[in-house]
Amino acid sequence: MDDVLLRATGITKRYGGIAALRGVDLEVRAGEVHALMGENGAGKSTMAKIVAGVQAPDEGTIVWDGVPVAFRDTTEAVRAGIAIVLQELSLIPDLSVAENIFLVHRGAYRGGWWLDRPTIRRRTRELFERLGWDLPVDPDRKVADLSVAEQQMVEILRALSQEARLVVLDEPTATLSPHEVGVLFALIRRLRARGTAFLLVTHRLEEVFSLADRITVYRDGSPSGSFLTGATTEPQLIRAMVGRDLGDLFAVRHRTPPGEPVLTVRGLCRGRHVRDASFGVRRGEVVGVAGLVGAGRTELIRAVFGADRAERGEVVLRGRAGLLDSPAAAIREGAAMVPEDRKAHGLLVDLPIAQNVALADLAARGGFWLRPGRELTRARQLVADLQIKAPRLWQGAGSLSGGNQQKVVLAKWLATEPELLILDEPTRGIDVGTKFELYGLIDRLAARGTAILLVSSELPEILALADRVLVMRDGALVAELPHAEASEEAILAHAARAPGEVPTAAA
Amino acid sequence: MAGAPQARGVTGPHVVRARRTGEGRRRFAEEYRVEGAMLAALVLLCAALSVAAPNFLSAGNLRNVSWQVTAIGLIAIGQTLVILTGGIDLSVGGIAAFAAMVGGLTMTRGSGEQVALGIAVTLLVGLAVGLVNGLLVAYGRLAAFIVTLGMLSITNSLTYVISDAKSIVGLPDAYRVWGRGGAFDGLPWYTLTFVVCFAVGHILLTRTKPGRFLYAIGSNEEAARLSGVDVRAYKVLPYAATGLLCAVAALILSGRLGAIDPDTGTGFELDTIAAVVIGGTSLFGGKGSLVGTLIGVFLIGVLNNGLNLLRVNAFWQGTAVGAVIILSVLVERLSRRRG
């Protein structure tokens with residue numbers, strides 16, 4: 001009882017008329033990693049934000065360290081010892097690592113006004129050492145020059161530099177490679193041993209089992225289970241999250257023998273990220289692309305799709321051969337690409353759902369006049385097919401939860417009836433139930449003859465879906481493994497091996 | 001939440017129809033929420049003025065108001081398109097004066113009255129300068145703010161260079177028809193022009209592919225490009241349209257005044273941006289409508305007219321308009337928070 005650090009009781013939060021949380025409780029003890037799980041829209045992120053003072057609850061009380069608190073903003077929470085690392089990074093790109101970490105520290109300013117660079121540089125190095133940080137990041141480097149993974153770690157460092165006793169992590173590993181996840185988890189374990197508590201919001205079951213001490217599961221804004229990790233199994237957790245059994249997540253392969261080639265790439269080059277790549281995808285085939293963060297997977301498919309201009313090489317799509325200079329050209333030849341960063345590159349958040357769904361087809365084939373009736377019918381049909389939870393099709397797409405947003409992006413491409421579907425991290429940040437639906441969908445599309453190029457950092461996903469796995473390292477395709485020979489070990493061996501170097505985050 | 005039973009049971013034609021009309025009404029209410037609030041403000045203002053200033057509702061005064069909103073209204077149509085894509089056009093006043101001056105000099109320099117040539121040159125110059133703006137923004141990937149600020153300075157300066165800072169007076173009657181002639185009894189050509197341009201713009205935005213793409217570009221340019229939208233080509237369109245509309249507004253203004261003044265258009269950029277913002281269009285792009293801009297134009301016009309009628313010192317007009325700009329944004333913010 002006495003080691004309870006934070007106790008939230010009867011928390012209710014409404015957005016408009018909809019309750020995101022309905023009278024839920026949460027208890028975090030000192031020195032534990034407490035996982036908060038649930039599907040998209042279950043309320044776990046809302047709870048995390050309330051704990052850290054990002055949002056205020058409509059009802060309920062929070063007792064922190066024995067004292068009732070009502071944080072008006074994150075600054076108050078930070079002062080009390082609760083820091084949050086959000087999914088959206090909140091670093092200032094043009095400032096250095098050290099400047100970002102100590103931006104709001106009083107000690108960083110001499111006389112309260114003048115930035116004391118030598119001091120913050122020294123204190124950043126001390127922080128690295130104290131935490132046993134093993135990513136060699138120079139405190140003077142600009143944050144904009146870091147990889148997304150490194151930026152995320154800087155955010156966590158900033159939280160720790162503020163003497164946080166409870167660190168709230170919202171989907172911290174969504175953008176990290178397996179190696180980086182390992183580094184991050186090692187750090188969390190070390191800090192836990194010194195008494196720092198973590199509230200970890202995540203979708204990933206394997207993370208929870210490797211890291212968390214206790215697990216709280218929400219479903220539709222209400223608590224649906226509370227578990228001790230040691231005494232819990234995966235199916236139990238899934239049932240608590242989804243409300244039913246999903247069966248084997250990865251038993252979804254119904255393939256037909258692949259047909260003629262849809263995409264052939266020969267000698268494609270773009271800077272140091274894509275070096276002399278040659279491969280092909282055939283009708284009805286799922287080709288996976290694996291590799292560490294920074295290996296050039298996204299750069300490769302963007303060059304194939306014409307999103308970035310390649311320097312050399314050839315892309316054969318349908319009958320057309322040559323380099324593509326715009327996505328529009330690729331789309332005309334039957335290609336489609338679901339980008340890695342949904343909000344920045346996929347979704348038009350201000351536009352209604354129906355208009356999002358119609359956009360690519362309109363650009364490729366539409367005439368001068370819009371046809372709103374047909375648009376709405378088509379959108380309604382795809383929304384039903386993909387089971388998108390969108391009560392009103394004319395509502396802004398930004399109002400949907402992450403998983404449903406991703407489905408809207410997919411619907412946009414399915415409306416063009418593509419022959420080649422390129423998917424870049426299609427299930428990032430998406431809950432397990434929706435993930436399962438997407439796997440089924442990818443499988444059905446392949447069975448119907450769509451050629452699919454799947455980039456993913458989640459090896460189980462690639463192993464389950466891909467007929468062939470291409471492994472990328474430092475911009476080059478270094479291995480091609482047929483389904484039967486692909487395994488996590490085999491992929492990682494190719495992905496991480498670098499001559500004369502220990503495997504590190506190649507960013 | 002995934003897989004939970006949802007609105008799968010919506011079948012049967014009667015259910016669908018009931019949903020559709022209810023949905024349509026709610027959709028309309030939501031889409032035009034901001035515009036509705038500003039329209040209410042406009043109606044209130046008109047009601048108050050009709051009580052406070054008895055001659056407000058007289059035919060003469062209403063014609064006066066419709067004249068006062070025409071030039072700004074025309075250019076605000078283009079400005080709305082530009083702002084919807086996330087851009088801004090600060091050069092509108094400069095383009096208006098420059099286009100009118102080049103056209104006027106062409107017309108008066110030659111022998112005889114080449115009115116058609118003068119009007120054609122004015123329109124072409126407006127369109128051309130707008131095109132340059134658009135090409136620099138879209139293909140040169142320069143910030144619209146910088147490009148059009150530079151263009152404002154260039155056009156202002158060139159206008160003085162070619163005119164030697166003198167007005168062109170004694171314009172031919174044929175040239176002045178657009179500014180003071182009438183199509184039918186009491187319906188001036190300039191009002192008709194405004195109505196037609198507004199209708200074309202509104203239809204373009206709400207019913208056509210280019211209009212949809214302007215919203216898409218303003219909402220998320222990169223996502224639009226990756227969806228196959230030819231972003232660069234569509235980004236040129238609003239600047240070119242704005243340039244052309246500036247020329248039209250300048251022709252109407254100089255026709256009415258009977259002179260082409262190098263200072264025509266001073267402050268147009270702020271007036272048009274004010275109208276667009278009051279009408280609820282987001283300066284970040286992607287959200288807004290021409291209906292809102294129309295209301296914004298009239299709100300400013302009626303406000304200025306009302307202050308005139310009430311014999312308030314004209315220097316106060318800027319304060320009133322500024323207060324309305326800030327209030328409109330504040331109201332929008334508050335209503336959003338509650339909704």
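**A walk through chain A and its contact with chain B**

Let's start at a helix: α9(A) lies across β13, β14 and β16 of chain A, at about 115° to β13(A). Keep in mind as you look around that this is a predicted model.

The strands under discussion belong to an open sheet of four, ordered β14-β13-β16-β17 in chain A, with antiparallel pairing. Why does one side of β14 (274–282) and of β17 (320–322) in chain A lack a neighbour in the sheet? Each of these strands stands at an edge with a single partner strand, so one side has nothing next to it in the sheet. From one strand to the next, the twist averages 5°. If you'd like a pairing to trace by eye, take β13 (residues 261–270) and β16 (residues 312–317) of chain A, which run antiparallel and are joined by five bridges. Within that pairing, A:R266 has A:E314 in β16(A) as its bridge partner.

Now move to another sheet of chain A. This one is open too, with six strands in the order β6-β9-β10-β3-β11-β12 and mixed pairing. Its edges are β6 (82–85) and β12 (222–228) of chain A, and each of them pairs on one side only. Here the strand-to-strand twist averages 15°. As a general reminder, strands of a sheet pair through backbone hydrogen bonds, in either the parallel or the antiparallel sense.

Both senses turn up in this sheet, where the pairing is mixed. For the parallel kind, look at β9 (residues 166–170) and β10 (residues 197–201) of chain A, which are joined by five bridges. One handy marker there is A:D170, whose bridge partner in β10(A) is A:V201. For the antiparallel kind, go to β11(A) and β12(A), which pair over six bridges. A:R219 finds its bridge partner in β12(A) at A:S222. The hairpin of β11(A) and β12(A) has two residues between the strands, and A:D220 takes a positive phi near 50° in this hairpin.

Two helices are worth following across the six strands. Helix α1 (residues 44–51) of chain A lies across β3 (33–37), β6, β9, β10 and β11 (214–219) of chain A, and runs at about 150° to β10(A). Helix α8 (residues 234–242) of chain A, on the other hand, lies across β3, β11 and β12 of chain A, running at about 30° to β11(A).

Finally, turn to where the chains meet. Chain A puts 50 residues into the contact and chain B puts in 37. Between them they bury about 3600 Å², with carbon and sulfur atoms giving 52% of that area. On the polar side of things, the rule finds three salt bridges across the interface of chain A and chain B. One of them links A:D350 with B:K287, where the closest N and O atoms are 3.8 Å apart. There are also eleven residue pairs in polar contact across this interface, with both residues at pLDDT 80 or more.

Which helices of chain A supply at least two residues each to the side that touches chain B? They are α9 (297–305), α10 (327–332), α11 (342–346), α12 (353–365), α13 (372–385), α14 (402–414) and α15 (432–447). That list takes us back to α9(A), the helix lying across β13, β14 and β16. The most comes from α12(A), with six residues. Sort the residues on this side of chain A by type and you get 25 nonpolar, 13 polar and twelve charged.

Technical notes. Residues numbered from 1 in each chain as written. Chains lettered and ligands numbered in written order. Predicted model: local features only at pLDDT ≥ 70, side-chain atom pairs only at ≥ 80, totals over all residues. Heavy atoms only, no water. Contact = heavy atoms within 4.5 Å. Buried area = accessible area lost by both parts, 1.4 Å probe. Salt bridge = Lys/Arg side-chain N within 4 Å of Asp/Glu carboxyl O. Polar contact = N/O pair within 3.5 Å; in protein donor to acceptor, adjacent residues only side chain to side chain. Nonpolar A, V, L, I, M, F, W, Y, C, P; charged D, E, K, R; others polar. Pairing = 2+ DSSP bridges. Axes fitted to C-alpha atoms, helices over the stretch in contact; angles between N-to-C directions.
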